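User: Got a minute to go through a model with me? I'll throw questions at you as they come up.
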Amino acid sequence: MSPEALTALGMGVVVVLTILFFALRKFPKRVKSSHYIKKWREIQKLCANKDDWPHAVVHADMLLDEVMKKKKIGGKTTGERMVNAQKKFSANDSVWNAHKLANSIRQEAEKTITESVVKDTLIAFRQALRDLGAIK
């Protein structure tokens, strides 16, 4: 083979590898369930103390956002990512209500919530995390 042919072949290989590299970066990453299961258990531990219920809701919302980012669901905010992921959620309205409650808690420092509201909210977040494959 001539040096020109080897150079052309080498350049072709570099171009193909570069295209593959950038194409694979666009695909969503697989999430490690063990990492998110551990974080979910920490959120559940917050439920033992009534004063920590608002923190549990906010942390669950943050965990959902973390998973959506990891799965490369587009959007600048959690809400935008939820819009883009809504077809993946089996209980879309419940997840939205849970997210709205988390935002409300962030805005009102002294927000009081009932046990049933916390349970329903965390159930919605847990289902969304399951729908995205983060927990089992």
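User: Let's start with Lys72. What is the place of Lys72?
Analyst: Lys72 is in the loop between α3 and α4. Keep in mind that this is a predicted model.

User: What's phi doing at Lys72?
Analyst: Phi of Lys72 is positive, near 60 degrees, and this residue is not a glycine. Most residues other than glycine have a negative phi. Lys72 comes just after α3.

User: Is Lys72 buried, exposed or partly exposed?
Analyst: Lys72 has a relative accessibility of 42%, so it counts as partly exposed.

User: OK, zooming out. How many helices and strands does the protein have?
Analyst: There are 6 helices and 0 strands. Read from the N terminus, the order is α-α-α-α-α-α.

User: And how much of the protein is buried?
Analyst: 32% of the 136 residues count as buried. The protein exposes about 9,200 Å², with carbon and sulfur atoms supplying 57% of that area.

User: What share of the contacts comes from residues 24 or more positions apart?
Analyst: They make up 63%, counting contacts with a separation of 6 or more.

User: Back to α3. Which of its residues are buried?
Analyst: The list is Trp53, Pro54, Ala56, Val57, Val58, Ala60, Asp61, Leu63, Leu64, Asp65, Val67 and Met68. Their cover includes α2, α4, α5 and α6.

User: What span should α3 have, going by its residue count?
Analyst: α3 has 18 residues, so at 1.5 Å a residue it should span 26 Å, and the end C-alpha atoms are indeed 26 Å apart. The 1.5 Å is multiplied by one less than the number of residues, in case you're checking the arithmetic.

User: Now the core. Which residues have the most contacts inside the largest nonpolar core?
Analyst: Those are Trp40, Leu64, Met68, Phe89 and Leu129, in a core of 32 residues. At least two core residues come from each of α2, α3, α4 (78-85), α5 and α6. α3 gives the most, with 9 residues. As background, nonpolar side chains tend to be buried together in soluble globular proteins.

User: Leu129 caught my eye. What is Leu129 in contact with, leaving aside neighbours within four places in sequence?
Analyst: Leu129 contacts Trp40, Leu63, Leu64, Val67, Ala134 and Ile135.

User: Which residues of α6 are buried along with Leu129?
Analyst: Val118, Thr121, Leu122, Ala124, Phe125 and Ala128 are buried in α6, as is Leu129. They cover an arc of only 155 degrees around the axis, so they sit on the same side of α6.

User: What does that buried set pack against?
Analyst: The buried residues of α6 pack against α2 (33-46), α3 (53-70) and α5 (92-107).

User: Same length check for α6: what span should its 17 residues have?
Analyst: Helix α6 (residues 115-131) should span 24 Å at 1.5 Å a residue, and its end C-alpha atoms are 24 Å apart, so the two agree.

User: What about phi at Gly133?
Analyst: Gly133 follows α6 and has a positive phi, near 85 degrees.

User: Last one: where is His99, and is His99 buried or exposed?
Analyst: His99 is in helix α5. Its relative accessible area is 6%, so His99 is buried; the cut-off for buried is under 20%.

User: What does His99 touch, not counting residues up to four places away?
Analyst: His99 touches Asp61, Thr78, Gly79, Met82 and Phe125. Two of those names came up earlier: Asp61 is among the buried residues of α3, and Phe125 is one of the buried residues of α6.

Definitions and conventions. Residues are numbered from 1 along each chain as its sequence is written. This is a predicted model: local features need pLDDT of at least 70, side-chain atom pairs count only at pLDDT 80 or more; totals for chains, interfaces and linings use all residues. Side-chain values use heavy atoms; hydrogens and water are left out. Helices (H or I, at least four residues) and strands (E, at least two) are DSSP runs, numbered from the N terminus. Buried means under 20% relative accessible area, exposed over 50%, partly exposed in between (1.4 Å probe, protein chains only). Contact means heavy atoms within 4.5 Å. Accessible areas come from the Shrake-Rupley method with a 1.4 Å probe; for residues, only the protein chains shown count as cover. The arc is that of the directions from the helix axis to the C-beta atoms. A nonpolar core is a set of buried Ala, Val, Leu, Ile, Met, Phe, Trp, Tyr and Cys residues joined through side-chain atoms within 4.5 Å.
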